[in-house]
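Q: I would like a close look at one part of this protein, followed outward to the sheet and the pockets. Please treat it in a connected account.

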Amino acid sequence: MENFKLPVGVAIRVDDVGWFEGADDRHIGRPSRSGLPRRHHPNDILVLNEIGKGLGTKVLCNLILGEWDFKNRLRGVPHVTWDEKGWDAASVVEKNRDFFEAAFSALEDSEYLEYGLHGLMHGYYIDGELHDERYLYPFEIRNEKGEYARQTLPLDEFDTLLTLFEEIYNDWGFKKKYHVFETGNGCFGTPYDDFNKDIAKMLQKHGIGIWEWGGWPDDILSQDGMLFVHSARGFVTWNAYGIDPSILYNVFDRGRPPRVVPNLCAHLTNFVQFQPENNFKTVSAWVDYFRRITSPFGAMMCRDNEQSASQSLYSAYASVDKVDGGYRIDLSPVEAVRTPILEDDFFVSIKDKSIPKSCEGGKLYIHDVRPDHVIYHIYRDKGASVVTVKMQ
């Protein structure tokens, strides 16, 4: 449709939120962390809230909680830390309680932040050494054809990791629910691989319905109740800080192929300055950047990551036809892949010089007026599988 689209719903995902130490310590067999050459500061979290506030969207904080383990739950657990027997995050938390309490308040009290699960210590450890940062796929192997492959973490170990994350989360009293997952250092394979299907089932057991990564083959894929959401790759280097967003390229132009996708993957370090007091100086430039790249016809910034996944499900699966006097939207393909994340409202973008005069099967409201198009918000009538927008 040249003048009528269901836009891709875009949301912002920020990995590596929660590290206390920033330094990349892989040279001594420890995590890469955020790659920031200083300790983190609560302002590193608060700046994300200010960016979200400026955009009217919730920024996803993909949490790393191993350093928050004030009950030392990770002590004695194989492969999750470099110090299995002597793990003592509790003493680090106690010595730096001001940071952890302020960081907790920054996360919990910020209206424009939401959470995802990223991991514990972002790696798989053997005998006190970092074996691989892809903790979900830690073993490089050759398959029966001699091709390079990855062997996944045993499901019982993954279940333990997810449970430990939940326990540390609850120990601190975090209240916001999380439904998004992205493993450390990305994924391997496709959603169609049996090993990823098994991982998806385990994630759903823990209440997670969205799995985000830059390597999935489609914009969004609904399979067996899980939404596999494509992320834009090549945003900026994961450990780059002090960025000037006003001269930053459009990340959607760098895709293979160039296109708008539902999820922007960045890392916490990308939004901070070396002096944390200066973090807020670039907020307006970041807001302008995200507005700039989501302003073209066929894109929109969403309320949060769940609305982004829902809208992009509509965008990917709904069938649109031009009919006499308007446009017919068949939602039955969307219903065929419905998951609990799907919402019963969606958005359309219209370039026509004429304006809608009626909406059969739903109620239509203006959401945003752009220079060359208008975005409308449609609330579906209960049970409606077809919505028809008639134009004046």
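Which residue in strand 8 is the bridge partner of Phe139?

A: In this predicted model, the bridge partner of Phe139 in strand 8 is Gln151. The pairing belongs to a hairpin in which strand 7 (residues 139-142) and strand 8 (residues 148-151) run antiparallel and are joined by 4 bridges. There are 5 residues between the strands of this hairpin, and Gly146 takes a positive phi near 80°.

Antiparallel pairing also describes an open sheet of 4 strands, with the order 1-17-20-19. Its edge strands, each pairing on one side only, are strand 1 (4-5) and strand 19 (362-369). Within the sheet, strand 17 (residues 345-350) and strand 20 (residues 374-380) pair in the antiparallel sense over 6 bridges, and Phe346 has Ile378 in strand 20 as its bridge partner. Helix 7 (residues 305-317) packs on the sheet, where it touches strand 17 and strand 20; the helix direction makes about 60° with that of strand 17.

Turning to the pockets, the largest has a volume of about 500 Å³. It is lined by 26 residues, of which Asp15, Asn185, Trp238, Cys265 and His267 are the closest to its centre. Strand 2 gives the largest share of this lining, 3 residues. By class, the lining has 6 nonpolar, 11 polar and 9 charged residues.

The second largest pocket has a volume of about 290 Å³. Among its 16 lining residues, Leu55, Met301, His367, Asp368 and Arg370 are the closest to the centre. Strand 14 (299-301) and strand 19 are the elements that each give two or more residues to this lining, which divides into 6 nonpolar, 6 polar and 4 charged residues.

Technical notes. Residues numbered from 1 in each chain as written. Predicted model: local features only at pLDDT ≥ 70, side-chain atom pairs only at ≥ 80, totals over all residues. Heavy atoms only, no water. Pairing = 2+ DSSP bridges. Contact = heavy atoms within 4.5 Å. Axes fitted to C-alpha atoms, helices over the stretch in contact; angles between N-to-C directions. 1 Å grid on protein atoms, 1.4 Å probe; cavity = no way out; pocket = protein on both sides within 12 Å on 5 of 7 lines; lining within 4 Å. Points joined across faces, edges and corners; volume = space filled by probe spheres on them. Nonpolar A, V, L, I, M, F, W, Y, C, P; charged D, E, K, R; others polar.
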